[in-house]
Each structure stands twice: as C-alpha cells, then as structure tokens.
Amino acid sequence: MRKYFLPWTKTALVLVYLVIVAGALVRMTGSGMGCPDWPKCFGYYIPPTEEKELLYTPGKEYSKGQVIIKEESLLVAKDHFVAPTNFESTHWEKYTKHDYAIFNPLHTWIEYINRLIGALAGLACVIALFFSFGYWKENKKLIVLSLLICFLMGFQAWLGKTVVDSVLNPYKITTHMLAALLIVAVQLFVVYSVQEKQKTKTFHSEFKWVVVAALGLTIAQIIFGTQVRESVDTIVEAGLPKEVWLQNPKGGFYMHRSFSIVVLFTNLFLFWRNRELKLGINRINWIMVLLCLEILSGISMYYFNFPFGFQTLHIVIATILFGLQFYLLLESSKKNTN
C-alpha cells in the first residue's frame, strides 16, 4: 500500500491545482452562476446544452429536484411526474436560495467542468487516504494529515455551495480561494514528510526567516488581488467596457500594485543570499521566474485592458508561487548545521 501513497498524493495535488485553474477560468468568464444550484446543475447530473431543455415541456417526464426556468424564476420539481398539457403549479416549488435564473450554455459547462475536476480531486484524496494506512505502524501522522485533507476538500465543496447560494458573494469567494491554498499547503507537507529522508540539504537560518517573510507577503498579495478582482467584478456587472475597468481603481488596487515591489525585492534578496551563501537552491530560480511572469501579467492587464486569459494566468501563477515558497519553507525549516 505504501508505494502507492505518494503517487496518489501527488496526483491529488495536481488535481487540486487543476481545480484552481478551472476556478480561475470560471472567474474570468463570469461563469460562477453557470450552475445556479448545487451539487447538481439545474437539477441534472449532466447539465443541459440548450435553453429549451429548461423550459416547461408538456409530456416530458420530470424527476424530483429537476429545475425549469419559468417567468424568469427557477422552479424545482417536487415529485416524479409526467408534465400535463397545462402547467400545474402543484408539482413545482420556487427555488428559494436566490433568484438568479439565467441560462448560458458556455457558462454552465465551464462551471460544470470546474465541479467535475473538483470531484475527481476529492476522489484522489480519498484514495490517497486509503493508501496512507500503509504507514500505520511507522508514521500515523500521514494518516491524520490525509484525513485532514479529505475534510478540507469537503469543507471546500461546502464553501463552493455557499458561494453559489450567495450569488458570488466577494468575501466568500476570497475564503474559497484561501481554503484552496490551505489544502495545497497540507498536501505539500505530506509530500515533504514522505520525501524528506531522500534529501539532505543545509540551510542558513537567516534564509529560512526571509522565506517565511516572502511566503507571508505572497499570501497578502493574493488577498489584495482578490479584493481588486472583487471591485472589477462590480464594474463588469454594470456592463462597462474593459477600457474603464481600472480608470478609478478601488479595492486596494494601489496597495496591490505597490506591494508587488516589496514582494519582488524580498525574493531578490533570497536569490542573492542563495548565491552568496552557495546554498545551491535551484527552487529559488523558479520562484524568480514565476514572480517575473506574475508581474508582467499584472502589467499587461493594466495597460492592455485585460487580454483574454491573463486573469486566469495571474491567479494560477500566484498559487504555484505560493506552493514553491511553502515547500521551500518546509525544506529550510529542517535542522541545520550552520
């Protein structure tokens, strides 16, 4: 069992990152309400592709929980029945969690794929938990952590439900994002715990604490970034063109932009100290590459009116940067001889 634990944990980690990518795509395309109910999508396990499938159809067989759109409202079937020629309200009840009743097939399927990847990630976490019992005698901590990951995945799914029920409340979206980072952190800790015996490196204590600072700054930047995104979402909902999205920026935009300089120089210091102390940490090189790409994508969004895909790229790079820094922190926290 043990030999399968690490591969499945890494598979779950990759899938969680794919969920983050899909979630960023959902955010970029405004598809968050593509499935207005949860966990199904318009009451179906496989969502419809045409609006006519969601309109009342005489002679159609409806199952309990299926949804239709009628008079700009969502109605939920109360039981299993065959629809009569004339609409009968006794078979239906109004969906009460919100009043969003718009069908957009593109948005629906983007959100559905996001949920599907999330379900696969959850399944991979459960499989990893099963194989973690191979460490029952040697390291029960891995079992506890694997169980924690499964719990956090369930909590994350619940958060996703609350986001939909709240019609994309900005604060709940931010919490949803931070919960994903927490899952990534625990998964990386599990991977490190299994692999740490395979690697013997020596780190400088000063370097370790600067890594802590750099990680904290990255988390703060992600939070500032979600606040900026929330303010942009408000403007987008007003139907304004991209050219004016950041004309009068709010939501901590200037803080986010200025803070990026602090983040850059903190990581540059790590890059310099790595070379100065001859620590041989190649991971810091990748961190600098990602940081440069992150800054360039942010500049591109500001000066080139949000090119397609750059919002998703910006979020995904930030989460990968977080993962690399967190793993570097785990390595640098190991007792050293300096």
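These are my notebook entries on confidence, a surface patch and a cavity in a predicted model.

Entry 1, ground rules. I number residues from 1 along each chain as its sequence is written, and I keep to heavy atoms for side-chain values, leaving out hydrogens and water. In this predicted model local features need pLDDT of at least 70 and side-chain atom pairs count only at pLDDT 80 or more, while totals for chains, interfaces and linings use all residues.

Entry 2, confidence. I looked up pLDDT (the predictor's confidence in each residue, from 0 to 100) and found that the protein chain averages 87, with 90% of the residues scoring at least 70. Among the elements (DSSP runs numbered from the N terminus, helices being H or I of at least four residues and strands E of at least two), helix H2, residues 105-132, has the highest mean pLDDT, 95, and helix H5, residues 205-237, the lowest, 82.

Entry 3, the second largest cavity. I searched for cavities (sets of points on a 1 Å grid over the protein atoms alone where a 1.4 Å probe fits but cannot get out, lining residues having an atom within 4 Å of a point) and noted two of 30 Å³ or more. For the second largest I recorded a volume of about 40 Å³, the volume being the space filled by probe spheres set on the points, which are joined across faces, edges and corners. Its lining consists of Phe5, Thr9, Ala12, Cys125, Ala128, Ser146, Ile149 and Gln187, and the largest share, three residues, comes from H1. Helix H1 (2-29), H2 and helix H3 (140-165) each supply at least two of the lining residues.

Methods. 1 Å grid on protein atoms, 1.4 Å probe; cavity = no way out; pocket = protein on both sides within 12 Å on 5 of 7 lines; lining within 4 Å.
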